[in-house]
Structures are given as C-alpha cells and as structure tokens.
Amino acid sequence: MSLLNVQNLTKKYKNKTAVHNVSFSFQSGKCIALIGPNGAGKTTILRTLAGLLKPSSGTIQFEDEGANHDIRQYIGYLPQFPVFHSWMTGREFLIHSGELAHLSKEESKQRTEELLIKIGLSDEAGNERISRYSGGMKQRLGIAQAIIHKPKLLILDEPVSSLDPIGRRQVLLLMEELKNEMSILFSTHILTDADEVSDELLLLHNGEIVESGSMDALRQKYQTAQIEVGFENDLEKYAEKINALPEVDTIQVERNILHVNATDISLTRQKILEVASDENWPLTTFHINRASLEDMFMRVVNN
Ligand SMILES: Nc1ncnc2c1ncn2[C@@H]1O[C@H](COP(=O)(O)OP(=O)(O)OP(=O)(O)O)[C@@H](O)[C@H]1O
C-alpha cells in the first residue's frame, strides 16, 4: 500500500472552492513537489494533510494509520511562514519542540544534538538566539523541528521561496539528504527547485491537479523543441530539401537560419544530419532550441 492515499479531496472556504476533487497517492521514499502559481491551493492541500484543516469532502489515508486516526506521529510539517520563539536559542527551541512531540527530556536533548549537526548549525550557532539567525538558518531550524520525532512524511510549504541563493542552496541540499530517510512532499511555485530535488511533480492549477508524473515524463510529453539550421547562402534550396523529409512538420525561414519544427526531434535531427553529411552541406549552425520549464507549465495549464 502507498504511504499516503488522497481521494477526491475538496476544501471550500465559505463560497470559495480552494481545492477541488484532488486525488493522488504517495509511495514511500519519494520526494514529490506540489507545484502551482499563487492561489493554486498548495497551502490548503498541505495544511489539510497535516491535519490543520478539515476537508470539506474526500479522504486522506495513511499507511498503518491505526484505529485512532492520529496521524501526527507520521507527519512533520513546516508552514510557509513559521513562527519561532526568537528569544530562544536554536538548541533550546529544538529541545522544547522535542518535548512538545512527546520525547523525554533526555531523548529530546540527544535528538537536538544530532539534528544541529544534520542541519549544519555549529555548536556555537546552536547557542545563539534565533533572532540573530539568517533566513536560511531559520528555515533549516524549522526543518529540524519538523523532523524531531522522525516522521515518515515531511511536509514543507514553500521551503525555499523566500531565501537568498545561498540559503536556498543549503535547504535544497538538506532536502536532498533527508530524502534518504523519509518521504517528502513540498510546495513551490519555482519549477527549477522542483526539478532539482523531486522525483515526481503534481501540477496544481485553480485547485485541481492538471498533470502529474516525473519531470522527465512531463518533459517528454510537453516538450516543444525546434531545430535551428544555419547556412551561408542558398537557404531556399536547403529549406526545400529539409521540408521534403517526412519527419519535418513545418519550417520558418529567418535571415540565414531555418527553424525546423517536428514531433520527433531526435529522429529529425538524425535525418537532417545524415543528408547534410551525404551532400556535404555548408552548415554554419546546428542547434536544438528547447522550451523552458515555464513554457512547459504554460502548455499544461492552457491545455
Ligand atoms: N482562510 C481562507 N479563507 C478564504 N479563502 C482562502 C483562505 N485561505 C486561502 N483561501 C483562498 O484559497 C485559494 C487557495 O489558497 P492557497 O493559500 O491554498 O494557495 P497557494 O497555492 O498556497 O498560494 P500561495 O503560493 O500564494 O501561498 C486562494 O484563492 C486563496 O485566496
């Protein structure tokens, strides 16, 4: 069975439907990115999974959930805007969080020391007040607090969106490391972050999942690419020859470059290069121009 099964989850706030009929399952050991623009419903889904919001309808089922449906032991959650007791030191904050998660004082102290090392906070930094921490340090401390009780599933709401490039890199590296120990579900509106750490994506638009799968599979499905072939002269002659290839859909001519559109870019590239080599064409450029991840997302939501 999957670690988590979500069936037809709907969440309404008065007359606003923020999440509509969302279904997905989550295998153990995966890192899944919930991706979508502002207002797509990401926070609502994550807060519902974390047990902080009640679904309007639908079901959320965890593996081994037990009769009392207490899912808190399985889940670690870091909200989009975590609140820290800034007057505490990082070390005090983690010990306190461990006790709130029902660890004994001793267990909590031991786990705190382990986690300070894991999140890259030195002994000295652990003894500093949180008010003096950088954004990246606070975010890593937030993650440590979320995993203090060794949950099976870590839920992170926009964990890197507000960070500078250094903080962002540190948190992404930490997530990469944590992937070996637990499943991770995180939200982001930045496709490159999702691409970097996740195994699979759930693309959310207006409260609905509009696409899902691995980044490679989605690229394969939505990728548009163009082959750009440049010649010094006789462009019309070569345009005619390329256009005659059965693999080619259309061609646009722009100055001394031909823009070749085709469904199967790899095969078309191979065919053009074969003819070019056989006939010794005087190529000046040969370039595959791939659509960006953002272009891909726009194609998915506009489908
Ligand atoms: N408490 C609330 N009451 C009414 N509407 C809400 C409430 N919380 C969220 N919404 C609305 O529900 C929709 C989804 O919001 P949600 O915060 O889940 O989206 P999001 O994808 O996390 O966006 P962001 O990236 O901006 O945080 C939005 O239209 C939002 O305005």
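Sorted by class, the shell around the ligand has 3 nonpolar, 7 polar and 2 charged residues. Before I go on, keep in mind that this is a predicted model.

Which residues surround the ligand? Going up in number, they are Y13, K16, A18, G36, N38, G39, A40, G41, K42, T43, T44 and H189. Glycine is counted as polar in that tally, and the list includes G36, G39 and G41. The charged ones are K16 and K42.

Now, where do these residues sit? Two elements, β2 (16–26) and α1 (42–49), each supply at least two residues of the shell. Helix α1 gives the largest share, 3 residues.

Next, the chain as a whole. The protein chain has 11 helices and 13 strands. Its radius of gyration is 25 Å, whereas a compact globule of 303 residues would have one near 19 Å. Along the principal axes, the C-alpha atoms fill a box of roughly 80 × 45 × 35 Å. Of the 303 residues, 33% are buried. As for contacts between residues at least 6 apart in sequence, 69% of them join residues at least 24 apart.

I will spend the rest of the time on one sheet. In what order do its 4 strands run? The order is β11-β12-β10-β13, the sheet is open, and the pairing is antiparallel. At the edges are β11 (248–254) and β13 (283–290), each of which pairs on one side only. Neighbouring strands here are turned by 20° against each other on average, with direction ignored.

As a reminder, strands of a sheet pair through backbone hydrogen bonds, either parallel or antiparallel.

Take one pair from this sheet. Strand β10, residues 225–231, is joined to β13 by 7 bridges in the antiparallel sense. Within that pairing, I227 stands opposite I288 in β13.

Two helices lie across strands of this sheet. Helix α9, residues 235–243, lies across β10, β11 and β12 (257–262). The angle between α9 and β11 is about 165°. Helix α10, residues 265–278, lies across β10, β11, β12 and β13. Against β10, helix α10 runs at about 15°.

To recap the two sites: the ligand shell draws its largest share from α1, and the open sheet has β11 and β13 as its edge strands, with α10 lying across β10, β11, β12 and β13.

Note on methods
Residues are numbered from 1 along each chain as its sequence is written. This is a predicted model: local features need pLDDT of at least 70, side-chain atom pairs count only at pLDDT 80 or more; totals for chains, interfaces and linings use all residues. Two strands pair if DSSP finds at least two bridges between them. Axes are lines fitted to C-alpha atoms, for helices over the stretch in contact, and angles run from 0 to 180 degrees between N-to-C directions. Two residues are in contact if their C-beta atoms, placed from the backbone, lie within 7 Å. A residue is near a molecule or strand if its C-beta atom, placed from the backbone, lies within 6 Å of it. The radius of gyration is taken over C-alpha atoms; the globule rule is 2.2 Å times the number of residues to the power 0.38. A residue is buried if 20 or more other C-beta atoms lie within 10 Å of its own, exposed if 12 or fewer, and partly exposed in between; C-beta atoms are placed from the backbone.
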